[in-house]
Amino acid sequence: MVDADDLIDELTSLAAKEIEAKGREDAVGDTLAVAEKIALGALHYYLLQPGPSGHDVRPRAVALLLGRYGPYIQYMGARASSIIRKHEAGEGNAAKGRASAELLASDGDWELVKLVAALPEALESRAAAMEPSIVAAYLHDLAVGFSAWVP
């Protein structure tokens, strides 16, 4: 049996060490607060994954997800928010951004559009089936598509 508080503390510590190892303390601000969000994202995604009814919630099993999946989706969300924020502020390349179907030139562009367009149906069908694991998988696919699209 694993105590949830101990698990979250250990995952937070691992995430904080990763932030420090990458020298990102100044960029993230409050390292401990960000590490806890990363840890909770990893744990939430881990618990939403499909599989047998029981989960191996040992810290090392869940820690394998730090930097992947939940935190990866969080990171892609932060990147998307940054692009939107820069566009609204008129900063850098984002200032030149405009919406036009003519700009969708590659297969990757259209794949991302299809993924985003599928969100309402994906949420509705998964909610009806009460399958949150499928929503988690969809969000991972969307993050991968977005990552491939963003330079």
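**Figure 1. Overview of the chain, which folds into 8 helices and 0 strands.** The model shown here is predicted. Read along the sequence, the elements follow the pattern α-α-α-α-α-α-α-α. The chain has 151 residues, of which 25% count as buried. Its accessible surface comes to about 10,200 Å², and carbon and sulfur atoms account for 58% of that area. Among the contacts in the chain with a separation of 6 or more, 61% join residues 24 or more positions apart.

**Figure 2. Close-up of the salt bridge between Lys22 and Glu18.** The structure holds 2 salt bridges, and this view presents the one in which the side chains of Lys22 and Glu18 meet. The distance from N to O is 3.5 Å. Lys22 has a relative accessible area of 58% and is exposed. Its partner Glu18, at 43% relative accessibility, counts as partly exposed.

**Figure 3. Close-up of the salt bridge between Lys114 and Glu111 in helix H6.** The closest N and O atoms of this pair are 3.6 Å apart. Helix H6 spans residues 107–117. Because Lys114 and Glu111 are 3 residues apart in this helix, about one helical turn separates them. The relative accessible area of Glu111 is 44%, so this residue is partly exposed.

**Figure 4. Close-up of a negative surface patch that includes residues of helix H1.** The patch is formed by Asp3, Asp5, Asp6, Asp9, Glu10 and Glu36. Helix H1, which covers residues 4–21, gives the most to the patch, with 4 residues. Another member, Asp3, lies in the segment before H1. Asp3 is partly exposed, its relative accessible area being 39%. Glu36 also belongs to the patch, and this residue appears again in the next view as a contact of Thr12.

**Figure 5. Close-up of Thr12, a buried residue of helix H1.** Thr12 has a relative accessibility of 8%. As the limit for a buried residue is under 20% relative accessible area, Thr12 therefore counts as buried. Leaving aside residues up to four places away in sequence, Thr12 touches Leu32, Ala35, Glu36 and Ala39. One of these, Glu36, is a member of the negative patch in the preceding view.

**Figure 6. Close-up of Lys17, an exposed residue of helix H1.** Lys17 is found in the helix that also holds Thr12. Whereas Thr12 counts as buried at 8% relative accessibility, Lys17 counts as exposed at 52%. Along the chain, Lys17 and Leu32 are 15 residues apart, and their C-alpha atoms are separated by 9.8 Å. Leu32 is also one of the residues that Thr12 touches.

**Figure 7. Close-up of His140 in helix H8.** Helix H8 comprises residues 132–149, and His140 has its place there. At 17% relative accessibility, His140 counts as buried. Residues up to four places away in sequence are not considered in this view; beyond them, His140 touches Tyr45, Tyr69, Tyr72 and Ile73.

Note on methods. Residues are numbered from 1 along each chain as its sequence is written. This is a predicted model: local features need pLDDT of at least 70, side-chain atom pairs count only at pLDDT 80 or more; totals for chains, interfaces and linings use all residues. Side-chain values use heavy atoms; hydrogens and water are left out. A salt bridge is a side-chain nitrogen of Lys or Arg within 4 Å of a carboxyl oxygen of Asp or Glu. Buried means under 20% relative accessible area, exposed over 50%, partly exposed in between (1.4 Å probe, protein chains only). Helices (H or I, at least four residues) and strands (E, at least two) are DSSP runs, numbered from the N terminus. Patches are made of residues with over 30% relative accessible area and no salt bridge: like charges are joined within 9 Å, nonpolar side chains (Val, Leu, Ile, Met, Phe, Trp, Tyr) within 5 Å. Accessible areas come from the Shrake-Rupley method with a 1.4 Å probe; for residues, only the protein chains shown count as cover. Lys and Arg count as positive and Asp and Glu as negative; His and the chain ends are not counted. The place of a charge is taken as NZ of Lys, CZ of Arg, CG of Asp or CD of Glu. Contact means heavy atoms within 4.5 Å.
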